[in-house]
Amino acid sequence: MSKNDKDDKSGRDSHYATLRRAVRDAKRERGEIPTPDPRKNRRKDVAWAPPQLQPDQVFLYGLHTVRAALANPQRQLIRLSVTQNALARLDMGDTEALPCPADLVQPQDLDRVLGPDAIHQGVMLETRPLPVRRLEALKDSPLLLVLDQVTDPHNVGAIMRSAVAFGAGALVTTQRHSPVESGVLAKSASGALELIPHIQVTNLADALNELHALGFQTVGLDSEGPQPLEETLAGDKIALVLGSEGKGLRHKTRETVTALARLDMPGEIKSLNVSNAAAVALYATRMYLARSRS
């Protein structure tokens with residue numbers, strides 16, 4: 001075999017390996033195949049402590065998350081750290097073509113910053129938090145999602161992704177007992193953090209009353225709700241309100257919403273994870289809004 005033949009074969013193998021990785025990563029982002037547990041190859045004797053971040057400092061990681069952040073004109077970008085392989089998979093040109101300064105690094109450099117459990121896929125973006133949004137800017141949106149002290153960033157990220165998928169105008173959470181913008185939240189949202197306003201409010205009851213003044217019906221999801229969700233929806237602007245797993249909606253929230261409703265499930269299991277419940281409720285509400293406009 002000639003040297004050129006060997007080079008051609010090596011180039012083809014590299015190209016096919018890149019394609020296989022891209023297909024595999026896409027399936028993982030869609031949840032079709034599991035993400036490998038990084039702890040299996042983790043050295044037991046390595047101690048790691050998270051870096052002390054400033055209030056205006058956020059580290060985002062993961063190919064899909066970082067690609068979406070780089071494309072968001074509302075993001076204030078600071079610096080990208082990326083491996084040579086991940087740079088090719090970002091498919092945004094070389095480092096000089098990127099919208100912010102970039103450093104080529106090794107995977108272990110990112111492990112030292114993000115920790116051994118972070119699935120960073122060879123890329124990390126330092127950025128400022130997204131701009132603060134306010135409720136009054138959402139008067140034209142027909143569908144909102146409100147979370148009453150849902151604390152798990154993985155759940156909130158998954159809910160955010162469903163909210164984008166069903167065209168919700170914003171995700172409203174409380175400032176306390178809710179996750180702040182972070183790499184874990186953004187990775188779980190898989191790019192959705194860049195696509196939907198995330199509004200944090202100090203007092204949820206006051207925010208719900210503000211939504212009432214803007215013409216929204218607020219519907220609290222409760223397993224003991226008096227009617228199914230489909231029979232409760234009314235009007236042309238809906239804000240769905242979901243509580244945390246275990247505790248559900250707080251008493252003050254239950255008193256403040258326009259109505260309480262339940263998700264009827266014919267199977268043996270009568271409750272859903274909050275992110276799954278959000279997806280079902282969003283679908284039912286989107287269908288109702290579509291019918292009411294026709």
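**Entry 1. Handedness of a helix crossing**

I note the convention first: a crossing is left-handed if the near helix is turned anticlockwise from the far one by less than a right angle, and right-handed if clockwise. The model I examined is predicted.

I applied the convention to helix H5 (residues 153–165) and helix H10 (residues 274–293), whose axes come within 9 Å and cross at roughly 15°. Because angles under 35 degrees count as roughly parallel, I record H5 as roughly parallel to H10. The crossing of H5 and H10 is right-handed. On the H5 side I listed Asn 155, Ala 158, Ile 159, Ser 162 and Ala 163 in the contact. H10 contributes Val 274, Ser 275, Ala 278, Ala 279 and Leu 282. I sorted the residues of this contact by class and obtained seven nonpolar, three polar and no charged.

**Entry 2. Overall inventory**

I then turned to the protein as a whole. Its secondary structure comes to 10 helices and 11 strands. Of its 294 residues, 43% count as buried. I also looked up the sequence separation of the contacts: among those between residues at least 6 apart in sequence, 76% join residues at least 24 apart.

**Entry 3. The sheet of seven strands**

In what order do the seven strands of the open sheet stand? I read the order as E7-E6-E5-E10-E8-E11-E9, with parallel pairing. Strand E7 (198–201) and strand E9 (227–228) occupy the edges; each has a single partner strand, so one side of each is left without a neighbour in the sheet. Next I looked at helix H7, which packs on the sheet and touches E5, E6, E7, E8 and E10. The direction of H7 makes about 165° with that of E5. H5, the helix of my opening entry, lies across E5, E6 and E7 and runs at about 170° to E5.

**Entry 4. Strand E10 and its partners**

Is strand E10 (residues 238–243) enclosed or open to the outside? I found six of its six residues buried, so E10 is largely enclosed by the rest of the structure. In a regular strand the side chains alternate between the two faces of the sheet. I therefore checked each face separately: Ile 238, Leu 240 and Leu 242 lie on one side, Ala 239, Val 241 and Gly 243 lie on the other, and all are buried.

I followed the pairing on to the partner strands. Strand E5 (residues 143–148) pairs with E10 in the parallel sense over six bridges. Within that pairing, Leu 144 stands opposite Ala 239, and Asp 148 has Gly 243 as its bridge partner. Strand E8 (residues 217–221) also pairs with E10 in the parallel sense, over four bridges. There I noted Leu 240 of E10 as the bridge partner of Val 219.

**Entry 5. Strand E6**

I next examined strand E6 (residues 171–174), which runs parallel to E5 and is joined to E5 by two bridges. Leu 145 stands opposite Leu 171 in E6. Leu 171 and Thr 173 point one way from E6, Val 172 and Thr 174 point the other way, and all are buried.

**Entry 6. The sheet of four strands**

I traced an open sheet of four strands with the order E1-E4-E2-E3 and mixed pairing. Strand E1 (58–61) and strand E3 (102–104) stand at its edges, and each has a single partner strand, so one side of each is left without a neighbour in the sheet. The twist averages 20° from one strand to the next.

For a pairing in this sheet I took strand E2 (residues 77–82) and strand E4 (residues 123–127), which pair in the antiparallel sense over five bridges. Val 82 stands opposite Val 123 in E4. I then noted that helix H4 (residues 107–114) packs on the sheet, where H4 touches E1, E2 and E4. The direction of H4 makes about 50° with that of E4.

**Entry 7. Asn 209**

Finally I looked up Asn 209, which lies in helix H7 (residues 204–213). Is Asn 209 buried, partly exposed or exposed? Its relative accessibility is 43%, so I count Asn 209 as partly exposed; that class lies between the cut-offs of 20% and 50%. I also read off the separation of the C-alpha atoms of Asn 209 and Thr 258, which is 9.4 Å. These two residues are 49 residues apart along the chain.

Technical notes
Residues numbered from 1 in each chain as written. Predicted model: local features only at pLDDT ≥ 70, side-chain atom pairs only at ≥ 80, totals over all residues. Heavy atoms only, no water. Pairing = 2+ DSSP bridges. Axes fitted to C-alpha atoms, helices over the stretch in contact; angles between N-to-C directions. Contact = heavy atoms within 4.5 Å. Parallel < 35°, antiparallel > 145°, perpendicular 65-115°, else oblique. Nonpolar A, V, L, I, M, F, W, Y, C, P; charged D, E, K, R; others polar. Buried < 20%, exposed > 50% of the residue type's maximum accessible area, 1.4 Å probe, protein only.
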